[in-house]
Amino acid sequence: MRIGIFGGTFDPPHIAHLILASETCDQLSLDRLLWVLTPDPPHKTDRPVSPLDVRLELLQAAIRRNPMFELSLVEIDRPGPHYAVDTVRLLTRQYPDAELFYIMGGDSLRDLPHWYQPAELIAMLTGIGVMRRPGDLVDMVSLNRLFPGINRKVIFVQTPLLEISSTLIRSRAYENRPYRYFLPQAVYELIQKYGLYQRETKTQETE
Ligand code: ATP
């Protein structure tokens, strides 16, 4: 069994996440992709992240229709900090016979040296599926110097570059500009229903 692990804040989940996920399942011949929602991302301290139950609902709505996609509560079910290395260790125990592939964007691969215990994380993985991201500046020579052998594990997923991010969607919602088609319809409807990321919501949050 080949299992993908796709960690993220998903505030909100958008179509670049879905394209990355589905292309990776196909190109890496995965049997299943676990979407791991991170409750309190250690590297995103510069802004308030939407409440966990809201992001959970958005993520469930985004992945519901694909039978290969599965929500994983492996980070939600344990106290923080939520490091990928601990998540993968837990999943190794949960799926002892599986080959595990971590899925990430090129920006995350570039930041990998700053993750907690990156060498241990890489050692547990069969592969790392990476979708390039505009401006991600991945330097495989330096990465391989830091983590010898990582270049044999990194598999670049062949897709068009997509300049879509959760940040872009939040700022467009805040500015009352269009963002509808950057998202699955169900996620868009939930954002509308709860008035997420909009100017009024932001004011209430800071009160
Ligand atoms: P934010 O803008 O809030 O930082 P994000 O769009 O980067 O959010 P995350 O939930 O942080 O979304 O991302 C989860 C994973 O998906 C990360 O590994 C990230 O690199 C990857 N990812 C997100 N958007 C893209 C994209 N457009 N192209 C490639 N990878 C992406």
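**Figure 1. Aspartate 26 in helix H1 of the predicted model, an exposed residue.** Aspartate 26 has a relative accessible area of 57% and is therefore classed as exposed, the cut-off for that class being over 50%. The residue belongs to helix H1, a helix that spans residues 15-27. In this predicted model, the C-alpha atom of aspartate 26 is 28 Å from that of glutamate 189, and the two residues are separated by 163 positions in the sequence.

**Figure 2. Glutamate 189 in helix H9, a partly exposed residue.** Glutamate 189 is placed in helix H9, which covers residues 185-194. The relative accessibility of glutamate 189 is 45%, so the residue counts as partly exposed. A second distance can be read for glutamate 189 by taking serine 50 as the partner: the C-alpha atoms of these two residues, which stand 139 residues apart along the chain, are separated by 16 Å.

**Figure 3. The contact of helix H2 with helix H9.** The axes of helix H2 (residues 52-63) and helix H9 (residues 185-194) come within 8 Å of each other and cross at roughly 155 degrees. Because angles over 145 degrees count as roughly antiparallel, H2 is roughly antiparallel to H9. On the side of H2 the contact is formed by Glu57, Leu58, Ala61 and Ala62, while H9 contributes Ala186, Val187, Leu190, Ile191 and Tyr194. Sorted by class, the residues of this contact comprise 8 nonpolar, no polar and 1 charged.

**Figure 4. Two cis peptide bonds that lead into proline.** The peptide bond from aspartate 11 to proline 12 is cis, with an omega near 5 degrees, and proline 12 is located in the loop that joins strand E1 (2-8) to helix H1 (15-27). The peptide bond from glycine 80 to proline 81 is likewise cis, with omega near -5 degrees. Proline 81 is found in the loop between strand E3 (69-72) and helix H3 (84-94).

**Figure 5. Asparagine 176 and tyrosine 197, two residues with positive phi.** Asparagine 176 has a phi near 60 degrees, a positive value in a residue that is not glycine, and its place is in the loop between helix H8 (166-174) and H9. With a relative accessible area of 72%, asparagine 176 is exposed. Tyrosine 197, although not a glycine, has a positive phi of about 65 degrees and lies in the loop between H9 and helix H10 (199-206). Tyrosine 197 counts as buried, since its relative accessibility is 7% and the class is defined as under 20%.

**Figure 6. Alanine 84 in helix H3 and its contacts.** Alanine 84 lies in helix H3 and is buried, its relative accessible area being 13%. When neighbours within four places in sequence are set aside, alanine 84 is in contact with Tyr102, Trp115 and Leu121. Alanine 84 and isoleucine 5, which are 79 residues apart in sequence, have their C-alpha atoms 9.7 Å apart in space.

**Figure 7. Arginine 133 in the loop between strand E5 and helix H6.** The loop that holds arginine 133 connects strand E5 (127-131) with helix H6 (140-146). Arginine 133 has a relative accessible area of 27% and is thus partly exposed. Not counting residues up to four places away in sequence, arginine 133 touches Gly106, Asp107, Leu161, Ile164 and Ser165. The C-alpha atom of arginine 133 is separated by 19 Å from that of glycine 4, a residue 129 positions away along the chain.

**Figure 8. The chain from which the close-up views are taken, with 10 helices and 6 strands.** The radius of gyration of the chain is 17 Å, close to the 17 Å that the globule rule gives for 207 residues, so the chain is as compact as a globular protein of that length. Taken along the principal axes, the box filled by the C-alpha atoms is roughly 50 × 35 × 30 Å. Of the 207 residues, 45% count as buried, and the accessible surface comes to about 10900 Å², with 51% of that surface belonging to carbon and sulfur atoms. Among contacts in the chain with a separation of 6 or more, 76% are accounted for by residues 24 or more positions apart.

Technical notes
Residues numbered from 1 in each chain as written. Predicted model: local features only at pLDDT ≥ 70, side-chain atom pairs only at ≥ 80, totals over all residues. Heavy atoms only, no water. Axes fitted to C-alpha atoms, helices over the stretch in contact; angles between N-to-C directions. Helix = DSSP H or I, 4+ residues; strand = E, 2+ residues; numbered from the N terminus. Parallel < 35°, antiparallel > 145°, perpendicular 65-115°, else oblique. Contact = heavy atoms within 4.5 Å. Nonpolar A, V, L, I, M, F, W, Y, C, P; charged D, E, K, R; others polar. Rg over C-alpha atoms; globule rule 2.2 N^0.38 Å. Buried < 20%, exposed > 50% of the residue type's maximum accessible area, 1.4 Å probe, protein only. Areas by Shrake-Rupley, 256 points an atom, 1.4 Å probe, with all protein chains shown as cover.
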